[in-house]
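Biologist: Hey, got a minute to walk me through this one? I'd like to start with the aromatic rings and then go on to charges and chain contacts.

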Amino acid sequence: MKLDAKIPAGALPEKWTKYRSTVRLVSPANKRKIDIIVVGTGLAGASAAASLAELGYKVKAFCFQDSPRRAHSIAAQGGINAAKNYQNDGDSVFRLFYDTIKGGDYRAREANVHRLAEVSGSIIDQCVAQGVPFAREYGGLLDNRSFGGTQVSRTFYARGQTGQQLLLGAYSALSRQIEKGQVEMFSRHEMVEVVMVDGKARGIIARDLVSGKLERHSGHAVVIASGGYGNVFYLSTNAMGSNVTAAWKAHKQGALFGNPCFTQIHPTCLPQTGEYQSKLTLMSESLRNDGRVWVPKTKEDAKAIQEGRKKASDIAEADRDYYLERKYPAFGNLVPRDVASRAAKEACDEGRGVAPTGLAVFLDFRDAINRLGKDVISARYGNLFEMYDKITGDNPYETPMKIYPAVHYTMGGLWVDYNLMTTVPGLYAIGEANFSDHGANRLGASALMQGLADGYFVLPYTIGDYLADEIGTGKISTDGDAFVQAEQIVTERQKRLMGIKGKQSVESFHRRLGKIMWEYCGMARNEEGLTKARDMIRALRDEFWSDVRIPGTMEEFNPELDKAGRVADFLELGELMVIDALVRKESCGGHFRLESQTPEGEAKRDDDNFAFVSAWEFNGLEGDPILHQENLEFEAVKLTQRSYK
Amino acid sequence: MGKENIGLTLKVWRQKNEADKGHFETYKLSEVSTHASFLEMIDVLNEQLIVEGKDPVAFDHDCREGICGMCSMYINGRAHGPQSATTTCQLHMRHFNDGETITIEPWRAAPFPVIKDLTVDRSAFDQIMAAGGYVSVNTGNAPDGNAMPIPKEDADEAFNAAACIGCGACVAACKNASAMLFVSAKVSQYALLPQGQPERKERVLKMVAKMDELGFGNCTNTGACEAECPKGISITNIARLNREFLSASLTPGH
Amino acid sequence: MNNLTTLLKSSIGRKLMMALTGLFLVLFLLIHLIGNLQLLIPDGGEAFNIYAHTMGNNPLIQIVSKLNFLFIILHVIYSIWLSRLNKAARPIGYAGKPAQATSTLSSRNMGILGTLILAFLLVHLKGFWYEFKTGADIMMVTYGTETIPDVFPVVATAYSNVWYAAFYVIMMGVVGFHLYHGFQSAFQTLGLGYNKYKKLIQTAGTLFAILVPALFALIPIVMYIQNA
């Protein structure tokens with residue numbers, strides 16, 4: 001298989017404009033005859049479904065939640081970037097493009113990222129027109145803030161609930177199309193198989209989660225917008241239901257999976273408190289603007305804190321190690337996410353962590369409160385402090401927060417070309433579900449931007465290129481062999497799961513998988529650990545298929561069965577992530593290989609050997625996946641080693 | 001700080017499906033960490049039930065950080081439990097006492113039929129939204145984001161209303177199972193913003209009509225919805241909804 | 001569609017009917033109180049008798065009085081209708097009872113309070129309004145040139161009974177609770193419960209709910225003491 005990214009010719013800044021004007025179109029009369037399936041209703045899925053429906057396509061949208069409004073995009077706190085330059089601080093499309101490429105540690109495709117920066121402004125316009133209540137200044141104009149250490153203020157926000165407001169905007173657009181009958185909505189439905197006819201994606205099998213019945217749905221194109229796979233780590237900031245199933249089924253039907261090992265670990269999350277822990281909660285990155293990160297200088301002090309013999313306030317100023325400020329004087333507490341996360345892990349590995357588990361560092365607002373006053377801090381972070389208090393029972397105005405890194409976002413995903421089509425004709429992937437724009441590390445406030453860019457302003461144009469050939473296809477019957485077989489395969493798989501009748505719960509397997517992934521494929525990875533992890537995952541997978549216990553039946557509302565299907569897929573994906581991490585012997589972005597570091601212990605990228613996208617082809621569970629490489633060529637930016645010293 | 005671990009008796013509503021009559025089942029849990037969230041406590045119960053070969057308790061949940069609006073438990077007589085301005089997923093066990101009996105029920109309202117146990121069908125809310133909870137603007141039609149300044153006060157107040165997470169606690173808490181707080185939040189958001197003006201009257205008429213059609217109760221202004229709303233949506237919005245509706249229905253041509 | 005029909009058929013329309021009829025009754029209560037307070041003037045009932053006579057013969061007052069009955073009936077019919085709809089909206093109730101209330105006692109029990117008030121109203125009408133109109137042993141009394149029925153003794157006799165007087169006092173408490181929620185609720189339904197008005201309405205409503213029933217209750221108390 002030869003990978004063709006289908007990047008249009010021409011100079012980088014003109015590629016998209018030119019392409020958009022020349023890409024093939026489908027006439028309004030023909031759009032009516034075309035069905036598009038959209039799986040997932042987060043920012044990418046909802047915006048795509050709504051926009052495609054507005055254009056006149058017939059859309060079927062699916063989500064596993066009880067309402068499209070609940071997709072996990074809703075939990076994004078910080079904001080959304082756009083190169084509007086409203087603050088007159090010198091921002092531009094090129095700067096946003098450059099920051100994104102550099103932030104991604106030069107592992108993203110230039111043309112896609114440039115397009116993302118180009119359409120970023122339109123996203124803001126669209127959302128404002130929908131009635132999204134962005135933060136405003138007293139003059140009534142939109143407010144911006146600097147986010148994640150960028151040098152310009154280009155982040156638009158709606159208090160700490162930007163994702164919620166943007167998603168509700170997209171959901172409202174979707175609702176409007178549902179009312180018009182242009183979108184048929186299937187809530188509490190999970191896509192469990194892609195149906196292939198003559199090498200093209202022609203539909204899906206979905207499980208009605210309430211009745212347990214399998215349904216066949218046909219479409220001229222299938223769009224996967226099912227989000228990221230961070231839940232492979234069990235503990236992450238993802239929602240409980242976030243899963244890889246739709247993307248994984250696509251992968252097994254022939255779609256290549258890009259850069260699966262690129263996961264983002266967010267430095268400011270609440271630490272784990274016990275075995276019962278089901279998820280980790282993110283505290284907005286903005287806290288690092290005023291909070292100072294530290295651990296005690298000595299292990300003895302740390303131990304005393306861990307055992308509850310000492311409090312943070314008992315540690316004298318001279319005995320505190322503000323390690324980010326010490327190691328990275330230029331950026332201090334505002335170093336990028338991956339750097340901050342790794343530094344926290346190092347401090348805790350040295351035995352200087354501060355929670356009973358030893359896995360936490362302090363984020364201290366004492367100095368900021370002394371400098372600015374409690375009122376200013378409260379105005380900036382009041383809701384976050386309340387949330388922290390609610391969850392932990394500690395008051396951050398009086399005692400430092402305890403934070404620890406947690407899995408937050410997955411840059412990897414289904415490999416897509418410039419049109420956002422996977423290697424399977426007619427099968428698209430948008431938003432976090434694709435690999436496309438963030439390289440090895442995503443910048444803050446860029447996930448919302450990418451999801452909405454794909455859904456509102458990219459896919460509605462690029463999908464026409466494929467669908468222009470489908471206008472004569474006519475209605476696709478779901479009675480064909482392909483649909484019958486696909487449904488049979490799903491039924492067999494579910495029967496097999498139900499028939500195991502073992503002793504251990506699905507959750508317990510998931511938890512064990514998560515531990516393996518976190519330990520060996522988390523913040524720091526090496527060959528030995530990854531090799532071991534691969535065997536462990538395989539063994540766990542075998543154990544799962546012989547000893548999992550799923551109560552109830554297939555023909556009813558059965559959340560345990562749903563979960564089992566998802567965990568079964570995670571058990572396969574986990575292995576691919578480990579394999580990908582093994583092959584990538586360099587350190588870059590969120591992927592830190594212990595074998596590849598500078599003498600000072602910083603990440604060392606290897607552009608000579610690894611300036612490519614790993615795109616993996618499924619080759620059966622017994623065989624090794626096949627690696628395809630998309631070489632990344634950089635015209636507009638010069639590759640440099642990131643330095644935050 | 002109280003005890004690290006507590007013992008609890010749970011009285012949980014069990015109902016196999018919509019047609020089933022349903023009943024309470026009593027479970028004992030020992031050694032529940034006070035650091036655990038309420039849903040994690042239910043996870044522990046379910047793990048125990050699965051290992052014992054019993055049917056786990058079905059409940060809705062997803063983000064577990066208080067924003068998706070999926071969790072929905074009526075705990076000891078209160079929607080989302082005893083702590084105000086908190087969703088069930090963010091309620092922590094330190095708010096309960098050792099030896100306490102906790103009664104857990106689903107949201108109860110005719111338009112929210114029980115699917116199983118504590119899981120209810122809230123698609124009625126989606127239907128109300130589809131009836132008019134949007135600004136009709138196709139993608140690509142938008143003027144520049146700063147073309148229309150909006151007074152900060154209006155934007156902030158619109159935001160306060162827009163913070164609704166659609167969990168349905170207002171309906172669950174209302175003695176009449178009224179959905180007025182939910183509807184008023186969306187109507188208010190758009191009534192306060194210039195973008196919402198062109199469809200202002202039509203929107204409120206359609207959304208209220210849909211709300212009524214779906215069988216929600218009538219608001220009697222008890223304020224229980226506001227008290228139980230995890231996002232602190234104010235009943236001032238209900239006053240605004242009333243005003244908007246009266247004005248729209250008294251305007252000729254609508 | 002016909003706007004007014006839409007309005008009247010809607011839940012908000014039903015509430016509007018409750019609010020408007022309720023507010024009319026609130027107004028009536030105030031006027032009724034002003035008249036009744038004349039019972040306390042120590043003039044052997046002259047002021048009260050003249051007031052009662054005027055009320056009974058003024059054509060405008062007669063129309064208002066008929067409206068008053070109509071509104072009471074509408075208020076009752078709508079409340080029954082609303083209660084039935086509200087019951088249907090939650091066919092299965094909750095088992096859990098909150099340890100801490102999230103709404104006022106008044107607001108949760110308007111139906112019960114209203115039913116009590118209706119019962120009281122029937123007793124009240126029978127005892128006074130009906131007596132005034134048809135009482136066989138009502139004497140005539142002459143003030144200046146005018147001879148009118150002397151209804152004052154009917155009231156005085158009634159309130160000389162301690163149980164009767166106590167019944168009135170207690171029922172005024174019930175009216176107070178009903179008003180405490182009803183007053184504010186009516187304005188909220190009319191869409192006025194916002195911004196600066198919200199506080200004003202709350203304060204006015206609370207004062208009204210305390211003062212008006214208290215003054216009403218004062219009458220039987222004073223008259224009972226006077227007669228004792």
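Modeller: Sure. First a definition: rings of Phe, Tyr and Trp count as a pair if their centres lie within 6.5 Å. Keep in mind that this is a predicted model.

Biologist: Ok, which residues do ring pairs link into a cluster in chain C?

Modeller: The cluster is made of C:Phe48, C:Tyr51, C:Phe120, C:Phe128, C:Phe132, C:Tyr159, C:Tyr164, C:Phe167 and C:Tyr168.

Biologist: And how many aromatic pairs are there over all chains?

Modeller: The count is 49. One of them is A:Tyr229 with A:Phe257, with ring centres 5.6 Å apart and planes at 65°. Planes over 60 degrees apart count as edge-to-face, so that is what this pair is.

Biologist: Where do those two sit in chain A?

Modeller: A:Tyr229 is in the loop between strand S9 (221-224) and H7, while A:Phe257 is in strand S10 (residues 257-258). They are 28 residues apart, and the pair links distant parts of the chain.

Biologist: Buried or exposed, A:Tyr229 and A:Phe257?

Modeller: Both A:Tyr229 and A:Phe257 are buried. Back in chain C, C:Phe48 and C:Tyr51 make a tilted pair, 6.0 Å centre to centre with 45° between the planes.

Biologist: How many residues apart are C:Phe48 and C:Tyr51?

Modeller: They are 3 residues apart in helix H3 (residues 46-57) of chain C, so about one helical turn separates them. C:Phe48 and C:Tyr51 are both buried too.

Biologist: Switching to charges. How many salt bridges over all chains?

Modeller: There are 71. Take A:Asp569 and A:Lys249, whose side chains meet at 3.1 Å, N to O. A:Asp569 lies in helix H17 (residues 559-583) and A:Lys249 in helix H7 (residues 245-252), so this salt bridge ties together parts of chain A that are 320 residues apart in sequence.

Biologist: Are those two buried or exposed?

Modeller: Buried: A:Asp569 has a relative accessible area of 2%, and A:Lys249 comes in at 5%.

Biologist: Got another one with A:Arg534?

Modeller: A:Arg534 pairs with A:Asp624 at 2.7 Å, N to O. A:Arg534 is in helix H16 (residues 527-547), and A:Asp624 is 90 residues away in the loop between strand S18 (612-617) and strand S19 (626-631). Here A:Asp624 is partly exposed at 46% relative accessibility, whereas A:Arg534 is buried at 17%.

Biologist: And which partner does A:Asp66 have?

Modeller: A:Arg70, with the closest N and O atoms 2.6 Å apart. A:Asp66 is buried with a relative accessible area of 4%, and A:Arg70 is buried at 2%. Chain A also holds a salt-bridge network of A:Asp105, A:Arg107, A:Arg584, A:Glu586, A:Arg605 and A:Asp607.

Biologist: Now the chains. Which pair shares the most contacts?

Modeller: Chains A and B, out of 2 pairs of chains in contact. No contact joins chain A and chain C, and their closest C-alpha atoms lie 20 Å apart.

Biologist: What about the area buried between chain C and chain B?

Modeller: About 3500 Å², with carbon and sulfur atoms giving 55% of the area. The interface has 0 salt bridges, but 22 residue pairs are in polar contact there.

Biologist: What sort of residues does chain C put on that side?

Modeller: By class, the side of chain C that touches chain B has 16 nonpolar, 18 polar and 6 charged residues.

Notes
Residues numbered from 1 in each chain as written. Chains lettered and ligands numbered in written order. Predicted model: local features only at pLDDT ≥ 70, side-chain atom pairs only at ≥ 80, totals over all residues. Heavy atoms only, no water. Salt bridge = Lys/Arg side-chain N within 4 Å of Asp/Glu carboxyl O. Buried < 20%, exposed > 50% of the residue type's maximum accessible area, 1.4 Å probe, protein only. Helix = DSSP H or I, 4+ residues; strand = E, 2+ residues; numbered from the N terminus. Contact = heavy atoms within 4.5 Å. Buried area = accessible area lost by both parts, 1.4 Å probe. Polar contact = N/O pair within 3.5 Å; in protein donor to acceptor, adjacent residues only side chain to side chain. Nonpolar A, V, L, I, M, F, W, Y, C, P; charged D, E, K, R; others polar. Phe/Tyr/Trp six-rings, centres within 6.5 Å; stacked < 30°, edge-to-face > 60°.
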